[in-house]
Amino acid sequence: GDETCANCGTTASDTVKLKNCTACLLVKYCGVDCQKNHRKQHKKACKERAAELMDERLYSQGHERQEGDFCPICTLPVPSPISKNAR
């Protein structure tokens with residue numbers, strides 16, 4: 001599908017490179033001016049999607065915890081999970 005600027009409708013081409021809204025990645029813009037002009041009507045959906053993306057990043061982190069990690073609340077070292085057959 002053709003990608004178009006969410007504000008002015010300009011279609012992406014060899015000469016026009018569209019950039020994603022970095023917060024939500026839902027829409028694209030041909031330039032900073034269009035992004036600023038479209039901000040008011042885009043803000044609500046953007047914040048909602050950005051929060052979802054942030055949650056996904058946070059929830060996915062717990063599975064790849066490195067040894068020597070520190071608890072963000074009490075700052076004590078987090079013990080590594082001990083497997084059932086650790087004897």
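The following exercises, each with a worked solution, concern a predicted model of a protein chain.

Residues are numbered from 1 along each chain as its sequence is written. In this predicted model, local features need pLDDT of at least 70 and side-chain atom pairs count only at pLDDT 80 or more, whereas totals for chains, interfaces and linings use all residues; side-chain values use heavy atoms, with hydrogens and water left out.

**Exercise 1. Overall description**

Task: State how many helices and strands the protein chain has, and in which order the elements run.

Solution. Step one is the count: the protein chain has 1 helix and 2 strands. Helices (H or I, at least four residues) and strands (E, at least two) are DSSP runs, numbered from the N terminus. Step two is the order, which from the N terminus on is β-β-α. Step three turns to the surface. About 7,500 Å² is exposed by the protein chain, and carbon and sulfur atoms supply 52% of this area; accessible areas come from the Shrake-Rupley method with a 1.4 Å probe, and for residues only the protein chains shown count as cover. Of the 87 residues, 14% count as buried. Buried means under 20% relative accessible area, exposed over 50%, and partly exposed in between (1.4 Å probe, protein chains only).

**Exercise 2. The nonpolar core**

Task: Identify the residues of the largest nonpolar core, and list the contacts of Cys-5 beyond its neighbours within four places in sequence.

Solution. A nonpolar core is a set of buried Ala, Val, Leu, Ile, Met, Phe, Trp, Tyr and Cys residues joined through side-chain atoms within 4.5 Å. The largest one has 8 residues: Cys-5, Leu-18, Cys-21, Cys-24, Val-27, Tyr-29, Cys-34 and Cys-46. Outside its neighbours within four places in sequence, Cys-5 is in contact (heavy atoms within 4.5 Å) with Thr-10, Leu-18, Lys-28, Tyr-29, Cys-30 and Cys-34.

**Exercise 3. Three residues of helix α1**

Task: Is His-38 buried or exposed, and which residue does its side chain join by a polar contact?

Solution. His-38 lies in helix α1 and counts as buried because its relative accessibility is 8%. Its side chain is joined to that of Tyr-29 by a polar contact of 2.6 Å. A polar contact is a pair of N or O atoms within 3.5 Å; within protein, one must be able to donate a hydrogen and the other to accept it, and residues adjacent in sequence count only if both atoms are side-chain atoms.

His-42 is also placed in helix α1 and, at 5% relative accessibility, counts as buried. Leaving aside neighbours within four places in sequence, His-42 is in contact with Cys-21, Cys-24, Val-27 and Tyr-29.

Glu-52 lies in helix α1 (residues 32–61) and is partly exposed, with a relative accessible area of 41%.
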